[in-house]
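Let's take a walk through this structure together. Please keep the 3D view open as you read, and turn it whenever a new part comes up.

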Amino acid sequence: MFASLIQGPLLRLFSVGLVLVALQRTLFTDLRPFGVAVQIVLGLAAAAGAAAGSPGGALAGFVLGLMYDLGVGTPLGSSAITMGLGGFVAGYITLITVERHWWLSALFTGLGAAAGELLVPVVRAFIGEEHVFTPRLFTIVPVVAVAAMVVSPLFVPLGRWCMRVRGAAGIPSLERVDVAE
Amino acid sequence: MGIYTPGRRRAIALLLLTSILLLTLDLRGNQILDAARNGFDKIIQPFETAAEVVSRPVQNAWRGINDYERLDEEVQRLQEQVDAQTADLVTAQAVIIENQQLLALNDLDALSDYPTVIATVVGQGPTNIDQIIEINKGSNDGIQVGMAVLTTAGLVGKVTAPVEPDRARIMLLTDSRYSVDVKLVPAAPPPPTTTSTTLPATTTTLSPAPAVPGETTTTTDDPSDTGTTIAEPAPETTTPPADPATTTTTVPEVATTTTINIDLVRETGGFAGQGEGELPAVFYLDNTPSLGGFAVDDLVFTSGSQDSLAPANIPVGRVVNVIERTTSEGPLLEIEPFVNLDSLYFVRVVLYQPGAEDDAETEAGD
């Protein structure tokens, strides 16, 4: 069990997640283009999905989301759902391509991040919070998505490393990251 | 081979169910999860300190690029405001001192009775949904969850979990989860309400025994007890009886004027945030037109009720819109906060615990 923990993606995700949550709580509380907090943890979850496919993206999103919830103080599990979905969506839409370029990975990362951020108010409404669907979502979602696209050249290789994907040219290898095992 | 084997589907479903389970446990309050959160805070602390050091130049550059012009304009605007308000300030300070002396004389609680901690705002919340800021003081300074936070302009919000030893998070009053009991005070003292009533003329027929023919029957109303002024009545007339056995007395119409001095506090209600970009609102009001109703520019203060987390008489904001709804729902008032929440640099945490919590602690101690 210990060996599988070391060899699996969890330890790497945890280490990288710690740094990213720390950055999210410091640097990215100030760096607010158009008044929107850039969600770099969500960006990594989506990038991991774009690199490792939808199951890997869901796993990365779940782990990173839990760390985000623990670090930021949001209801525990809420970001695990949204980031899990972000990673899943980014991984799922990679299936439309056979050969991927870096700009396609960036696009998929952005779309995954947009899906994850769009789900945040849905989950908040689900747990009973009110007034979460505001017109500002039309600003928040595109900014988060574009920011994820911008960091994707760095985050896709990082996600591949975290998820231990050794696919050639970054083509998602769904067999390599099996969260059931 | 299929893309999603049953094993993978099960794993994804398991992740989703685990998230929902954790969410449910966390919302219901779970000590293990709270301990996990505290533990994670301790683990991440060194990383956060390092991130702060590393990212400070980037932060400073970003602030310099984004805030310079805005700050320059704001300095000019504020300088004009300061000039204009200097005279008002002196008058206001005199009124505040007088008010505090009166409260002390009458043995009433004043906001200045409670100890406070001044803190610097060090950051905003990392999410795009929650309206949260971070300050550089925490439980080491006596700050606890729920304490009211204000500036000299008025209420800012309340302390929310988690509170770390040297850092705390403030939920702004625009957050959709924020609520506090408030009272409404008219911006200008209302004029006394005057109502006039005219009592109809009455005719009384008396038996001859107690009445002496030709004598006038007089009725006296003492208005001093009721605040009711009775206009000077026309002289009563005694009709000489056709039948000498009876006396008929006719009291003419009497006009009365009633003056009611309305209490300055019109109504109390629940103040709640509506999310970013939306004005907070006051609910649960009972519109009583006889008390003058609600009007734009009415002032909103914390009511300091038994269970309220904030002490009484903290200025909250001003009514900018009165929305009439159905009778059962009552009117809804949109409030513009006195505090400019976009430019908070220093805040004051009131180390106040409501009476209900004090009682609970006393009972727990017993």
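What follows goes from the two chains as wholes to their helices, a surface patch and the salt bridges.

Keep in mind from the start that this is a predicted model. Let's begin with chain A, which has 7 helices and 0 strands. Read from the N terminus on, its elements simply run α-α-α-α-α-α-α. Chain A has 181 residues, and 64% of them count as buried. Its exposed surface comes to about 7,000 Å², with carbon and sulfur atoms supplying 72% of that area. As for how the chain meets itself, take the contacts in chain A between residues at least 6 apart in sequence: 70% of these join residues at least 24 apart.

Now turn to chain B, which has 3 helices and 18 strands. Of its 366 residues, 34% count as buried. Chain B exposes about 21,500 Å², and carbon and sulfur atoms make up 57% of this. Among its contacts between residues at least 6 apart in sequence, 64% join residues at least 24 apart.

Back in chain A, helix H4 deserves a careful look. How far does helix H4 of chain A, residues 40-72, span between its end C-alpha atoms? A straight helix of 33 residues would cover 48 Å at 1.5 Å a residue, yet H4(A) spans only 13 Å. Follow the backbone to Gly53(A) and you will find a kink of about 145° in H4(A), shortly before the proline Pro55(A). H4(A) is also mostly covered, with 33 of its 33 residues buried. Just after the helix comes Gly73(A), with a positive phi near 95°.

Helix H6 of chain A tells another story. Its 25 residues reach 36 Å from the first C-alpha to the last, close to the 36 Å expected at 1.5 Å a residue. H6(A) does bend, by about 25° at Val120(A), and a proline, Pro121(A), follows within four residues. After H6(A) comes Gly128(A), whose phi is positive, near 100°.

Stay with H6(A) for a moment and look at the surface. Leu107(A), Leu111(A), Val146(A), Met149(A) and Val150(A) form a nonpolar patch there, with about 420 Å² of accessible area together. Two elements of chain A each give two or more residues to the patch: helix H6 (102-126) and helix H7 (137-162). Of these, H7(A) provides the largest share, 3 residues. Here a reminder about helix geometry may help: an α-helix has 3.6 residues a turn, so residues three or four places apart point the same way. Is Val150(A) buried or exposed? This residue, found in helix H7 of chain A, has a relative accessible area of 61% and is therefore exposed.

Finally, let's look at the charged side chains. The whole structure holds 15 salt bridges over all chains. One of them joins Asp26(B) to Arg37(B), with the closest N and O atoms 3.5 Å apart. This pair links distant parts of the chain: Asp26(B) sits in helix H1 (residues 6-28) of chain B and Arg37(B) in helix H2 (residues 31-105) of chain B, 11 residues apart. Both ends are covered, for Asp26(B) counts as buried at 13% relative accessibility, and Arg37(B) is buried with a relative accessible area of 10%.

Next, find Arg167(B), which takes part in two salt bridges described here. With Glu52(B), its side chain meets at 3.0 Å, N to O. That bridge connects strand S5 (residues 167-172) of chain B, home of Arg167(B), to helix H2 of chain B, where Glu52(B) lies, 115 residues apart. Arg167(B) counts as buried at 13% relative accessibility, while Glu52(B), at 24%, counts as partly exposed.

With Glu134(B), the side chain of Arg167(B) forms a salt bridge of 2.6 Å, N to O. Here strand S5 of chain B is linked to Glu134(B) in strand S2 (residues 132-135) of chain B, and the two residues are 33 apart. Glu134(B) counts as buried, at 4% relative accessibility. Which residues do shared partners join into one network? They are Arg25(A), Asp41(B), Glu48(B), Glu52(B), Glu134(B), Glu164(B), Arg167(B) and Arg169(B).

How values were computed: Residues are numbered from 1 along each chain as its sequence is written. Chains are lettered from A and ligands numbered from 1 in the order in which they are written. This is a predicted model: local features need pLDDT of at least 70, side-chain atom pairs count only at pLDDT 80 or more; totals for chains, interfaces and linings use all residues. Side-chain values use heavy atoms; hydrogens and water are left out. Patches are made of residues with over 30% relative accessible area and no salt bridge: like charges are joined within 9 Å, nonpolar side chains (Val, Leu, Ile, Met, Phe, Trp, Tyr) within 5 Å. Accessible areas come from the Shrake-Rupley method with a 1.4 Å probe; for residues, only the protein chains shown count as cover. A salt bridge is a side-chain nitrogen of Lys or Arg within 4 Å of a carboxyl oxygen of Asp or Glu. Buried means under 20% relative accessible area, exposed over 50%, partly exposed in between (1.4 Å probe, protein chains only). The expected span of a helix is 1.5 Å times one less than its number of residues. The bend at a residue is the angle between axes fitted to the seven residues ending there and the seven starting there. Contact means heavy atoms within 4.5 Å.
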